[in-house]
Amino acid sequence: MSTRIAFLKGHGTENDFVIVPDPENAVDLSPAAVAALCDRRAGIGGDGLLHVVRSAAHPEAKDMAAEAEWFMDYRNGDGSVAEMCGNGVRVFARYLQHAGLVTEGDLAVATRGGVKRVHLAKEGDVTVGMGRARLPEGEVTVSVGERSWPARNVNMGNPHAVAFVADLAHAGHLFTPPPVGPASAYPDGVNVEFVVDRAPGHVALRVHERGSGETRSCGTGACAVAVAAARRDGADPAVTGLPATYVVDVPGGRLVITERPDGEIEMTGPAVIVATGEIESKWLETVVR
């Protein structure tokens with residue numbers, strides 16, 4: 001490990017990330033190291049970490065290298081591995097643009113949830129093709145204290161439980177995962193969204209992200225919410241032949257989600273690089289012992 005490791009800090013609708021450029025996959029990022037870097041008091045601070053690696057250099061992404069040069073090796077703030085992060089993909093793409101590795105226009109990003117298509121504007125928002133939602137069968141319930149709600153099970157490459165509530169305050173503090181049942185529905189844990197209506201085609205959410213706690217935004221969560229809201233509202237683009245678009249307000253800003261008749265979901269929102277710096281490798285080695 002070198003004496004210093006380059007990093008950047010970025011966010012998408014205030015879902016913030018430590019970014020570690022490592023094209024050849026040479027930096028050892030153990031779960032403990034990731035958790036230390038994401039620590040908001042003793043580290044850099046972030047909801048998660050974006051490890052930027054060439055697909056050909058990472059064993060989990062080699063099979064996608066012909067289609068996508070870059071792999072988003074995403075980690076949650078506690079150091080655990082995650083399949084996908086919608087806001088993270090936008091920030092990942094913005095980093096590639098910031099570093100001069102890609103230009104505005106279309107590109108592909110490899111993730112554990114598959115290859116994602118991204119459109120980068122020179123200035124402004126980033127649009128990500130998030131793939132199709134899966135809607136597993138079976139009833140799911142979310143609880144907070146004495147309240148409970150039926151929830152929609154939506155999988156966006158990672159699992160979500162979407163509950164429509166009368167007031168976002170009913171979600172409670174969200175420091176710990178809200179109980180979700182049955183446990184068999186989510187054997188690897190779940191992201192939980194609490195949703196209220198603002199207007200037709202316009203909702204707002206709070207979210208507890210698996211491995212990170214309450215975050216200011218969740219891209220896959222916003223997509224899951226839009227799909228759940230559309231089905232609740234009787235809209236299925238595959239049936240109607242018409243796209244369904246929802247504005248989704250998150251605590252950190254606003255995302256626009258469109259589900260097309262072919263089932264593909266697009267998410268549009270901001271992505272910002274806010275800082276660059278260097279990590280002292282001696283510090284990192286010390287905190288992970």
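This report describes the overall form of a predicted single-chain model and then several of its local features.

## Overall form

The secondary structure of the chain consists of five helices and 18 strands. The C-alpha trace spans about 55 × 40 × 30 Å along its principal axes. A compact globule of 289 residues would have a radius of gyration near 19 Å, and the chain, with 18 Å, agrees with that expectation. Of the 289 residues, 51% count as buried. Sequence-distant pairing is also evident: among contacts between residues at least 6 apart in sequence, 62% join residues at least 24 apart.

The accessible surface of the chain comes to about 12500 Å², and carbon and sulfur atoms account for 50% of that area. As to charge, the chain carries 27 positive and 37 negative side chains. The centres of these two sets lie 2 Å apart.

## Helix 3

Helix 3 covers residues 219–232, which is 14 residues. From its first C-alpha to its last, helix 3 reaches 20 Å, close to the 20 Å expected at 1.5 Å a residue. Because 13 of its 14 residues are buried, helix 3 is largely enclosed by the rest of the structure. Just after helix 3, glycine 234 adopts a positive phi of about 80 degrees.

## Backbone features in loops

Two residues other than glycine, asparagine 25 and leucine 174, have positive phi values. The table sets out their phi angles, their loops and their relative accessibility.

| Residue | Phi | Loop | Relative accessibility |
|---|---|---|---|
| Asparagine 25 | about 60 degrees | strand 2 (15–21) to helix 1 (31–38) | 26% |
| Leucine 174 | near 60 degrees | strand 10 (159–164) to strand 11 | 2% |

The accessibility values place these residues in separate classes. Buried means under 20% relative accessible area, so leucine 174, at 2%, is buried. Asparagine 25, at 26%, counts as partly exposed.

A further backbone feature concerns the peptide bond from glycine 181 to proline 182, which is cis, with omega near 0 degrees. Proline 182 belongs to the loop between strand 11 (180–181) and strand 12 (191–199).

## Cysteine 85 and its surroundings

Cysteine 85 lies in the loop between strand 4 (70–76) and helix 2 (86–98). With a relative accessible area of 3%, cysteine 85 is buried. When residues up to four places away in sequence are not counted, cysteine 85 touches Asn15, Phe17, Met72, Tyr74 and Thr220. Of these partners, Asn15 and Phe17 fall within the range of strand 2 (15–21), Met72 and Tyr74 within that of strand 4 (70–76), and Thr220 within that of helix 3 (219–232). The C-alpha atoms of cysteine 85 and glycine 157 are separated by 9.1 Å, although the two residues are 72 residues apart along the chain.

## Isoleucine 273 and its surroundings

Isoleucine 273 is located in strand 18 (residues 272–280). Leaving aside neighbours within four places in sequence, isoleucine 273 is in contact with Leu8, Lys9, Gly10, Ile19, Val91, Arg94, Tyr95 and His98. Among these partners, Ile19 falls within the range of strand 2 (15–21), while Val91, Arg94, Tyr95 and His98 fall within that of helix 2 (86–98). An α-helix has 3.6 residues a turn, so residues three or four places apart point the same way. In contrast to these contacts, isoleucine 273 and alanine 183 are 38 Å apart in space, C-alpha to C-alpha, with their positions 90 residues apart in sequence.

Terms used: Residues are numbered from 1 along each chain as its sequence is written. This is a predicted model: local features need pLDDT of at least 70, side-chain atom pairs count only at pLDDT 80 or more; totals for chains, interfaces and linings use all residues. Side-chain values use heavy atoms; hydrogens and water are left out. Helices (H or I, at least four residues) and strands (E, at least two) are DSSP runs, numbered from the N terminus. The radius of gyration is taken over C-alpha atoms; the globule rule is 2.2 Å times the number of residues to the power 0.38. Buried means under 20% relative accessible area, exposed over 50%, partly exposed in between (1.4 Å probe, protein chains only). Contact means heavy atoms within 4.5 Å. Accessible areas come from the Shrake-Rupley method with a 1.4 Å probe; for residues, only the protein chains shown count as cover. Lys and Arg count as positive and Asp and Glu as negative; His and the chain ends are not counted. The place of a charge is taken as NZ of Lys, CZ of Arg, CG of Asp or CD of Glu. The expected span of a helix is 1.5 Å times one less than its number of residues.
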